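Welcome to this guided tour! Open your viewer, get ready to select residues, and follow along stop by stop.

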Amino acid sequence: MGVTKNIQSRSSIERIIKNAFPEKEMTACEELTEGLCNAAYLIEYSDGSKSILKIAPQNDRTLLRNEKSLMSAEVNAMKLAEGIERIKTAKVQYYDTSKAFCTGDYFIMEYLEGESLVSLQSSLSEEEKSAINFDIGRLVREIAGIKGTHFGQLYNGAKEFDSLYEYVETLIRNNLADAAEKNIDIGAEPEELLSLLSAHKSAFEKVTPVLVHYDMWEGNIFVKDSRVCALIDWERAMWGDVLMEDRFRRHSVTDGFLKGFGQTEFSVAERKRMLWYDMILYLAMMTEGSFREYPDDSQYRWIRPIAERSWEELRSF
């Protein structure tokens with residue numbers, strides 16, 4: 001676990017819950033440890049009901065430049081996603097930015113049934129995995145049915161971009177600044193990377209902004225009876241290109257997902273954009289461990305050669 005998590009004592013959590021729900025009595029509190037950024041707790045009440053408490057980092061020191069105001073973005077995204085029929089999106093029950101009861105912003109949301117896909121992976125057959133990936137592809141297509149009027153992040157006050165290219169360039173420049181701050185070897189020269197991005201500018205034209213979850217790793221996908229039933233952690237959601245969704249990335253894309261999404265062939269412009277979206281994610285993954293003080297560099301060593309393959313493919317165009 002990195003230093004980002006804003007861990008709270010039980011007494012502090014009791015005060016948070018009592019303030020939010022004076023009529024309820026908290027009987028149990030369990031830290032949920034699968035996430036890597038926010039602190040999260042399963043709260044149980046005397047009436048048998050449950051909630052999830054999510055607490056933002058105390059400050060932005062351990063966050064990347066593209067990770068500002070994540071809790072504000074998540075609350076906004078969850079409200080946008082309430083109309084998605086294919087899966088359950090938790091409703092926000094209470095949201096507090098006052099810092100009166102906690103050193104970070106926090107919200108309380110309804111508890112969702114199901115188990116995380118990451119916890120089930122080893123017990124699933126290949127057929128079950130393929131069916132779940134197909135479900136995820138259909139879900140991404142449905143989320144992309146929510147249209148935006150601009151590109152950009154979802155936190156209150158976020159800059160609105162009329163141009164997808166300008167938004168992508170901003171994300172990459174922020175990643176490069178993070179890497180430079182921590183002296184991270186990203187396997188590419190920043191000047192060459194930005195020059196090539198500029199050469200590919202036309203690939204980003206004529207794209208409609210849609211809602212993108214952006215963090216559909218297996219820990220954020222809930223499964224029940226071998227079907228996707230819920231999606232959590234909307235904090236990185238954005239108005240973007242549907243191909244920015246992380247299930248399209250080199251390390252995670254599957255045939256089942258693409259079949260569920262309804263597209264298995266991509267134009268040259270789409271392939272270029274997908275590779276640039278690889279770079280946005282992989283630059284962040286190579287750098288975040290230094291900001292969050294992960295105990296080792298295993299994530300960097302895993303993702304670096306994957307990023308290099310995407311970079312070499314980009315240079316081949």
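Start with a small open sheet of three strands, whose order is S7-S11-S8 and whose pairing is antiparallel. Helices (H or I, at least four residues) and strands (E, at least two) are DSSP runs, numbered from the N terminus. Two strands pair if DSSP finds at least two bridges between them. Before selecting anything, note that this is a predicted model, in which local features need pLDDT of at least 70 and side-chain atom pairs count only at pLDDT 80 or more, while totals for chains, interfaces and linings use all residues. Residues are numbered from 1 along each chain as its sequence is written, and side-chain values use heavy atoms, with hydrogens and water left out.

Now select residues 152-153, which make up S7; this strand and S8 are the edge strands, each pairing on one side only. Next, pick S11 (residues 238-240): three bridges join S8 to this strand, and the two run antiparallel. For a closer view, show Val210 and look opposite, where you will find Gly240 in S11.

**Stop two: the five-stranded sheet**

Select S1 (26-32), S2 (39-45), S3 (50-55), S4 (92-96) and S5 (106-110). In what order do the five strands of this open sheet lie? The order is S1-S2-S3-S5-S4, with antiparallel pairing. S1 and S4 stand at the edges with a single partner strand each, so one side of each has no neighbour in the sheet. From one strand to the next, the twist averages 20°. (Axes are lines fitted to C-alpha atoms, for helices over the stretch in contact, and angles run from 0 to 180 degrees between N-to-C directions.)

Zoom in on S2 and S3, which pair in the antiparallel sense over six bridges. Glu44 has Lys50 in S3 as its bridge partner. These two strands form a hairpin with four residues between them, and Gly48 in the turn has a positive phi of about 95°. Five of the six residues of S3 are buried, so this strand is mostly covered. Buried means under 20% relative accessible area, exposed over 50%, and partly exposed in between (1.4 Å probe, protein chains only).

Move on to S5 and display Phe107. This residue is the bridge partner of Lys54, and Phe107 is also the bridge partner of Tyr95. The pairing of S3 with S5 is antiparallel over five bridges, and that of S4 with S5 is antiparallel over four bridges.

**Stop three: helices on the sheet**

Add H1 (residues 10-20), where Ser12, Ile13, Ile16, Ile17 and Ala20 are buried. Why do the buried residues line one face of the helix? Seen down the axis of H1, they fall within an arc of 135°, so they line one face; the arc is that of the directions from the helix axis to the C-beta atoms. What covers these residues includes S1, S2, S3, S4 and S5. Contact here means heavy atoms within 4.5 Å.

Then select H2 (residues 70-80). This helix packs on the sheet, touching S3, S4 and S5, and its direction makes about 30° with that of S5.

**Stop four: aromatic rings**

The structure holds ten aromatic pairs. Show Tyr165 and Phe204 to see an edge-to-face pair, 6.0 Å centre to centre with 65° between the planes. (Rings of Phe, Tyr and Trp, its six-membered ring, pair if their centres lie within 6.5 Å; planes under 30 degrees apart count as stacked, over 60 as edge-to-face and the rest as tilted.) Tyr165 is in helix H5 (residues 164-181) and Phe204 is in the loop between helix H6 (190-199) and S8 (210-212), 39 residues apart. Are they buried or exposed? Tyr165 is buried, with a relative accessible area of 7%, and Phe204 is buried too, at 4%.

Keep Phe204 on screen and add Tyr277: these rings form an edge-to-face pair, 6.4 Å centre to centre with 65° between the planes. This pair also links distant parts of the chain, with Tyr277 in helix H8 (residues 268-292), 73 residues from Phe204.

For a last view, select Phe248, Phe257, Phe261 and Phe266, which form one aromatic cluster. Add Arg141, which lies over the face of Phe261 at 3.8 Å from the ring centre.

Key:
Lys NZ or Arg CZ within 6 Å of the ring centre and 35° of its normal.
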